[in-house]
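Student: Could you take one small part of this structure and walk me through it slowly? I'd like to see how a single spot connects to what surrounds it.

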Amino acid sequence: AALYACSNVAQERLVRDRGDGAFLGRLGVSAFLVSAAQAVVLERDAVARADAVLARDVGAAWLFAGYVASMASLYVLAAWFFRRADAAAFNLSLLASDAYAVAFAAAVARAPPPPLYYLALAATAAGVVVYHGRPSPTAANLVLGRARTPSFADINTSPLLAAPPSGSSDASLAR
């Protein structure tokens, strides 16, 4: 979970500094390279079996296509979300989504959650309350009512980094 959170922070920075296209392009290329290497080295037989199943079972092919579409949607929508909010809100939203799964399981499958679930739900709710209790300390702009972290482009346009006004000489800096 900690590595996923770090990944989301890096994704947020990439989306804000370089744009959605750069984020999705780099994500696609790196995911392809890692997945291809993993499939060749570790899962060659499993990929062959999956290929055979997908070739003869149309239902399995549709399920696989649905999975691919949902993952593509997740990352496109994540890029959209990172433009408007930050990685902490994204991670808290993902943690809170488990509450819907447990509520569904309790209502449909009549499977009550384990007792520790309520402790985890309370910790997640407390995290949401604490997070939204104050603006982000690194915020420069407000986005969706929350403060947004300045991007690298915002930092480069700082008046401190601007060129000296015309008419000033380097001799004044030497004093």
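Tutor: Glycine 28 is partly exposed, with a relative accessible area of 40%. Keep in mind that this is a predicted model. Why "partly exposed" for glycine 28? Because a value of 40% falls between the cut-offs, under 20% for buried and over 50% for exposed.

So where does glycine 28 sit? Its place is in helix H2, which runs over residues 20–42. Now look across to tyrosine 75. Glycine 28 and tyrosine 75 are 47 residues apart along the chain, and their C-alpha atoms are separated by 9.8 Å.

Tyr75 takes us straight to a pocket. Together with Leu3, Tyr4, Ser7, Asn8, Gln11, Leu14, Phe23, Arg26 and Leu27, Tyr75 lines the second largest pocket. Two elements give two or more residues to that lining, namely helix H1 (2–18) and H2. H1 provides the largest share, six residues. Sort the lining by character and you get six nonpolar residues, three polar ones and one charged. The volume of this second largest pocket is about 150 Å³.

H2 also helps to line the largest pocket, which has a volume of about 590 Å³. How many residues line the largest pocket? The count is 19, and Ala31, Phe32, Ser35, Phe64 and Tyr67 are the ones that lie nearest its centre. H2 gives eight residues, the largest share of this lining. Helix H3 (44–56) and helix H4 (58–84) each bring at least two residues as well. By character, the lining of the largest pocket divides into 14 nonpolar, three polar and two charged residues.

Next, go to aspartate 20, which also lies in H2. Aspartate 20 forms a salt bridge with arginine 83, and their closest N and O atoms are 3.4 Å apart. Since aspartate 20 is in helix H2 and arginine 83 is in helix H4, the pair ties together parts that are 63 residues apart in sequence. Buried or exposed, or somewhere in between? Aspartate 20 is partly exposed at 30% relative accessible area, and arginine 83 counts as partly exposed too, at 34%. As a general point, side chains of opposite charge can pair when their charged atoms come close.

A search of the whole structure finds two salt bridges, so let's visit the other pair. The side chains of glutamate 12 and arginine 16 meet in a salt bridge, at 2.8 Å from N to O. Where are these two residues placed? Both lie in helix H1, four residues apart, which is about one turn of the helix. Glutamate 12 counts as buried because its relative accessibility is 9%, and that is under the 20% cut-off. Arginine 16 is buried as well, with a relative accessible area of 8%.

H1 leads on to the largest nonpolar core. This core has 13 residues, and Val15, Phe23, Phe81, Phe82, Ala89 and Phe90 touch the most other members. H1, H4 and helix H5 (87–108) each supply at least two residues of the core. You may recognise Phe23, which is also one of the residues lining the second largest pocket. In soluble globular proteins, nonpolar side chains tend to be buried together. Take alanine 89 as one member to inspect: leaving out residues up to four places away in sequence, alanine 89 touches Phe81 and Tyr131.

Two more spots are worth a look. Aspartate 51 lies in helix H3 and counts as exposed, at 53% relative accessibility. Aspartate 51 and alanine 61 are 10 residues apart in sequence, and 9.5 Å apart from C-alpha to C-alpha. Then there's arginine 110, found in the loop between H5 and helix H6 (115–133). Its phi is near 55°, a positive value in a residue other than glycine. Most residues other than glycine have a negative phi. Arginine 110 is exposed, with a relative accessible area of 65%.

Finally, step back to the whole chain. The protein chain has eight helices and two strands, and from the N terminus on its elements run α-α-α-α-α-α-β-β-α-α. Buried residues make up 18% of the 175 residues. Of the contacts with a separation of 6 or more, 56% are between residues 24 or more positions apart.

Methods. Residues numbered from 1 in each chain as written. Predicted model: local features only at pLDDT ≥ 70, side-chain atom pairs only at ≥ 80, totals over all residues. Heavy atoms only, no water. 1 Å grid on protein atoms, 1.4 Å probe; cavity = no way out; pocket = protein on both sides within 12 Å on 5 of 7 lines; lining within 4 Å. Points joined across faces, edges and corners; volume = space filled by probe spheres on them. Nonpolar A, V, L, I, M, F, W, Y, C, P; charged D, E, K, R; others polar. Core = buried A, V, L, I, M, F, W, Y, C linked by side-chain atoms within 4.5 Å. Buried < 20%, exposed > 50% of the residue type's maximum accessible area, 1.4 Å probe, protein only. Contact = heavy atoms within 4.5 Å. Salt bridge = Lys/Arg side-chain N within 4 Å of Asp/Glu carboxyl O.
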